[in-house]
Each structure stands twice: as C-alpha cells, then as structure tokens.
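Colleague: I have the coordinates open now. Could we walk through how the helices and the sheet are arranged?

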Amino acid sequence: PKAAAAPKAAAAPKAAAAPAASAGGRVVASPLAKKMAAEKGVDLATVAGTGPNGRITAADVDAAASGAAAPAKKAAAAAAAPAKPSWTPAPGVVAATPTARALAKKAKIDLATVVGTGEFGRVTADDVKMATGEKKPEKPKRAGAAGAAAPVEMPEGLVPFTGMQRAVSNNMVATLTIPVFRASRDIGMDKFDALYRSVKANGVSVSALLTKAVALAIEKHPIINSKFSEQGTVFVPDINIAQAVAIEGGLITPVLKYANERGVAELAENWKELVGKARSGTLAPDEYNSGTFTISNMGMFGVTQFDAILPAGQGGILAVAATREVIEPDAQAVLGLKKVKKMTVTLTCDHRQIYGADAALF
C-alpha cells in the first residue's frame, strides 16, 4: 500500500497550479522573459508560465507588468482587509441619535416607525424631519450617460409675487368679466419693411412705426379708442398708445401719448426713453396707466400668431406677430407666383360697445 501511494505523491506537484514554473526551486523562463522581467521590475516567482512545461515567456512577463494579474491582487487585498464592523441593538431598542430622540418626542412620533439612514441603521435628526414633513428627501443624483449634458436642476417651491407681478395678476383677473371677441388677418409687410429700412438709420424703431400706423387707423375708426360705461360708450379724444414691455420680474405698458399728432422720429426718441425708465423702474404712473389702446408685439420672438388679453378700461388691444415670407399667386410673375412678406395681427375688442364690423374695418 505504501509503494502504491508513492506515484500519487510524486504526481501531486505536476497537478498543483503554481504562480511560476520551477525546477528544483529554480524559475524556468526564457532568456527574453528574464531580461524583460529585470527591465520592468517583475518578480518571476509571481508569474504563471504559459509556455511548454510551464515555462515563462516574454508575453507572460508583459501581461504581468501591464496589470493583467491585478484582479487577483485586488481579490487578495479585499480578503485580507478587515471586515466592516457591525452592530445590532438589543431587542426592543431603537438606535437613534440624541437629537433625533428629542425631535421625535417633540413631534410625538414613534421612533420605531422611522427608517434610519445613519450608521448601523441609526435614526438621525434628518430622518425624523423627513418623517414629519419638515424636510423633503433628497432626490438621488442621476448619472448621465457618457458625454450627455448634466441634469438640469429645476426650481422648486413658492416664490411670492412682487408688487408688479401682483398688479399684473389682478389686472388679468379683472378682464375675465369683459365679453370680448377677436379678429385676425394677414397684412402685407413689403412696403412697411422698405419704409423701416429707409428710416432705421435715423433711429426710428419698429415700435414707433407700429404706434404711428395704429394711431392713424384709430383716427379713421374712433370707436376702437372708446371704453365702456354703464351709461353708454365713452369716446376718448386723445390717442395714447401703450405697448407691452417685458422687464425683470414682470410686465409693464409704457404709453406714447398723442401718437397721432407726433412724428415717428419724436415717437422713437420718446419710446427709447420710456423703455429705459421701465427697465430701471423709474416710470411715473401717468407714463404707464394712461393708455387708451394697447399693442402687444411678439414678432421679435418669431411667434406667428397669438391672442392678447384686453386691458381693463380700454376698448381694444392689437397682437402683432412675426413677419414671414409666403408664396402667393401673381399673374405678372414668372411661373405665376411671387414671394411676399406677411404679418398676422389679431385685434381683441370689448364686445359691449365695439362690434365685429368695427374691428374688420379697423
């Protein structure tokens, strides 16, 4: 039996996996492998050979030097690392910080119902605050894909109105009791654009030209400049054109007074002054609440059509959209078509004293 066991014992070294091939304690490696190991600082005793009879080759040394054996080293290091300490409270005892206990007592909350997020599952003060609703749980950070834009943090919670925003809100609500109607149409803008190009160098703005055009139209149709009264229609002799201006934290409507009586250059200069005052918050009340008709222009934003809300105390407001190029039939043009510029305007009127025919004629 002893003689029979000898071959098995002799075969054992051959079956065992060693990090390096050896012969009588000597590492078996090719000359090139030994040279590379010396250059790269690799201990051949830690390299597993893949050559004939477990001989270490240059490729084995190169793989060891490049960290191919790193996973094994990491696993060994992890195994050698001390285990993370753990602690389990006694039965019936809820682990919690002193502050958490005080907050829970004040809020009359059973700590056993609160999920702890502290070390060893301990209930923290933040856990109690989240249980009472005093603090909201933090949203987990989303990891964006490689190369993707970082997630956008959206605003949250109540932001109180400023005085201006409250006034705008109240004015909008006040219009809900006014019966209104709307009428839209496209206006050819080729001549208007040519006029603007001719006067732009003199500081005349689109706002000044629109104001003048609307004022002249109101002269022909004064009902559009009227306002409603329980006793009847109130005709207003002055044509004061207000224009909506978006400013930081709100909206305001500076007024170009007596627009029908003034030249476009004067209107442009006055408008520039009013916009400056609006943005600096220095408009006098009479400079923003004396309008008899309003223009709301969103053409600069590329809006093709929109409806405006009628301000209380006025008879009409004109929504001005962007100028756009369209193709329309033309018997005189090549192929019977031509390209023209059009702009959609929408008039909102108080239907108590202004009728559809009045709006259409305007």
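**Helix packing and the sheet**

Modeller: In this predicted model, helix α9 passes helix α10 in a right-handed crossing.

Colleague: Which residues make that contact?

Modeller: On α9 they are Ser207, Ala208, Leu209, Thr211 and Lys212, and on α10 they are Val264, Leu267, Ala268 and Trp271. Classed by type, six residues in the contact are nonpolar, two are polar and one is charged.

Colleague: At what angle do α9 and α10 pack, and how far apart are their axes?

Modeller: The angle between α9 (residues 206–220) and α10 (residues 264–280) is about 125°, and their axes are 8 Å apart. An angle over 115 but not over 145 degrees falls outside the perpendicular and antiparallel ranges, and α9 and α10 are therefore oblique to each other.

Colleague: Turning to the sheet, in what order do the strands come?

Modeller: The order is β3-β12-β11-β10-β6-β9, an open sheet of six strands with mixed pairing. Strands β3 (180–188) and β9 (255–256) are at the edges, and each of them pairs on one side only.

Colleague: How many bridges join β10 to β11, and do they run parallel or antiparallel?

Modeller: Four bridges join them, and β10 (residues 293–297) and β11 (residues 316–329) run parallel. Within this pair, serine 296 is opposite alanine 319 of β11.

Colleague: Which strands does α9 lie across?

Modeller: Helix α9 lies across β6 (241–243), β9, β10 and β11. Relative to β10, α9 runs at about 140°.

Conventions: Residues numbered from 1 in each chain as written. Predicted model: local features only at pLDDT ≥ 70, side-chain atom pairs only at ≥ 80, totals over all residues. Heavy atoms only, no water. Pairing = 2+ DSSP bridges. Helix = DSSP H or I, 4+ residues; strand = E, 2+ residues; numbered from the N terminus. Contact = heavy atoms within 4.5 Å. Axes fitted to C-alpha atoms, helices over the stretch in contact; angles between N-to-C directions. Parallel < 35°, antiparallel > 145°, perpendicular 65-115°, else oblique. Left-handed = near helix turned anticlockwise from the far one by under 90°. Nonpolar A, V, L, I, M, F, W, Y, C, P; charged D, E, K, R; others polar.
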